[in-house]
Amino acid sequence: MAQKKEGKNIDAAKAEKLNEVVISSLHINDSLLNAPASIGILSKKDLMQNNTTDISTVVNTIPGVFMQSANFTTSRISIRGIGARTTYGTNKIRAFYGSIPLTSGNSETVIDDIDLENIGQIEIIKGPLSSVYGAGLGGAIIISPQLLKIQGQNASISTVYGSFGLLKNTLNYSLNKESSSLNVSYHKLKTDGWRENSAYNREGITLAGELLKRKNSQLTYFSNYTYLKAFIPSSISKNVFENNPQAGAPTWVASKGFKEYKSTLAGLAYDFKINENLSNSSSVFINYKGSNEPRPFDILRQYTFATGARTQFSGNFKIKETQNQFIAGIEYFTDNYNGNTFENLYQQNNGLGSLQGNQLTETDQKRHFYNIFSQVRTLLSEQFEIQAGINYNKTEFELTNYNTSSTQKYSYDGILAPQFSLLFKPNTQRTLYFSVSRGFSLPATEETLTTEGTINTDIKPENGYNFETGGKFYFLNKNLYTEFALYRMQIKDLLVAKRIGDDQYVGINAGETFHQGLEIALKHNWQMNNFFLLNSYVSASIGNYEFKDFMDSGNDYSGNKLTGVAANKANAGLLLNTSSGLYFSADFQFVDEIPLNDANSDYSDAYNIVNLKTGYRFEILPQLTTHLAFGVNNLFDEKYTSLILPNAVAVGNNTPRYYYPGLPVNYYGSISLNYLF
């Protein structure tokens, strides 16, 4: 009965210390405090803080991380300015669902397919500080599946209803026994959109759990299926943004352009303890995605099938009296991509939208890579420890262009990415660290091509060194947690994808960028009395991102601010809980102005967003609880740019279409039922 009482809301306002955060089992450390790196953590409580439909709101509470999002399906994540100049989507950052990569062989990362209610925790490693996760320049995102942590069964149903036709329904069932566990969830999310041609529909089912649970071993399984159809309003000019932001780009509206795909992700992971000093974790996965995207200038069909495996050994050993821990392993990834474009005859379709015509192009790409990695942690004393790691990557690919009947094979030179850290613990509740690490980023497909559609063998991966120092501290009997990080990174062989057509790019290594900044975060719990408990947080990042040495088409942009990212960002929030189950929350976000092009001739305006939410959790029956909530986002109806298109090119006499406008003031309500038995 003691375990089941955890689900009751009568305990909502009891004093709760900021206990040390446990991080992914794939790290060499098991706690955030002992990790000599800046790692942003989003707990289940954090993920549920808003309306459970938009992940960007919670991701942006982490200092140094900036997620831009337009109508759910078009988003871009940058970490410390890395990835900010990507035209569409997210690259230069690796992501994992458990131990399964979410990053394609084309270096593109999509995390939006996984429903927020199916996520237990998100960790965002900032910078190339993890040899284990591939030493990506921007860092890595690790998503942990949601599993029932107590013995028994749990069933829940929830509904969210909001402005602009927002509707989300979720069904979930969880079972946790001594020998196995199961979590199955179905969700359907739709919205009419507030802009022209922006309706969105997504549904998916997630299955995760454990089998063959023993004292020294267990088999974990993950799978996720997603169907999505999202109409695309595209970007608009500054004039339209200021006067008619709900409008879509005329050609996208006329063609009724959209993106539609089916995606399947599945994997198995087996963990076993070989002896007291050695364990192994091995996993295999598959990832399939088939998409159809009618656009004004063509219709794009893409199919990707990826497979891979990963194994790592971890353990500990002594050298005389010095205790050491280690991780060593290898990761292999391969994917096969097929892309076709067709004429879009929407102008001849009597206003009915896109109509497929003759085939224009067809390409195949096969990409393979492997990472060999190792990391060692040496406990020199109770106060001092060092960590060292290395990642070796070898990537090769093959491109077939059916228009020219040509096939090319190419491989990059092997890349060594070392990492070294020193950690000082003056006591059990405070740490200071210093680290230096090298990272790299592989080019996306469009960044490797010439004007003829062949591979440019002169293209090199971006690479750079990161220097970082930081500290993590508990105060006030663990009711206050603070951390800071000061970093400096210089990226060489900067990749630039120059747009030479509607969907045609040429890549070059154009120079260097410089990234440095300060990040701070504070979390505080205050037990006001037996009835009220106040949780609050503040986070901020102050950055200086600029081109150090950058020539493009005869223009010298050296010294200019880096395109596509706000140098300064701040967040704050509070949550007031009561012992009756009532609560109130508020959060605030400030985003500084953003350079829209490399010349720094245009900027988006800085903006402030305020969100409010109130709710009531209570018990209907001894094991049946409900949660009612109501919220308002963008309370003061701020006009802001939720995503920008960097270096947008003007067509004809038109001005560049840099702007994706963010949602105006919008409301939502939710109800959920949870039965624990």
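Biologist: Which residue in S7 is the bridge partner of Ile-125?

Modeller: Ala-140. This is a predicted model, in which local features need pLDDT of at least 70, side-chain atom pairs count only at pLDDT 80 or more, and totals for chains, interfaces and linings use all residues. Residues are numbered from 1 along each chain as its sequence is written, and side-chain values use heavy atoms, leaving out hydrogens and water.

Biologist: What makes S6 and S7 a pair?

Modeller: Strands are DSSP runs of E, at least two residues (helices: H or I, at least four), numbered from the N terminus. Two strands pair if DSSP finds at least two bridges between them. S6 and S7 run antiparallel with seven bridges, so they pair.

Biologist: Why is Tyr-640 called buried?

Modeller: Buried means under 20% relative accessible area, exposed over 50%, partly exposed in between (1.4 Å probe, protein chains only). Tyr-640 has 15%, so it is buried.

Biologist: And why does Phe-531 count as partly exposed?

Modeller: Its relative accessibility is 35%, so Phe-531 falls between those two cut-offs.

Biologist: What makes Phe-531 and Phe-532 an edge-to-face pair?

Modeller: Rings of Phe, Tyr and Trp (its six-membered ring) pair if their centres lie within 6.5 Å; planes under 30 degrees apart are stacked, over 60 edge-to-face, the rest tilted. Here the centres are 4.8 Å apart with 90° between the planes, so edge-to-face it is.

Biologist: How do you know that Lys-289 lies over the face of Tyr-261?

Modeller: NZ of Lys or CZ of Arg must be within 6 Å of the ring centre and within 35 degrees of the ring normal. Lys-289 is at 4.0 Å from the ring centre, so the distance part fits.
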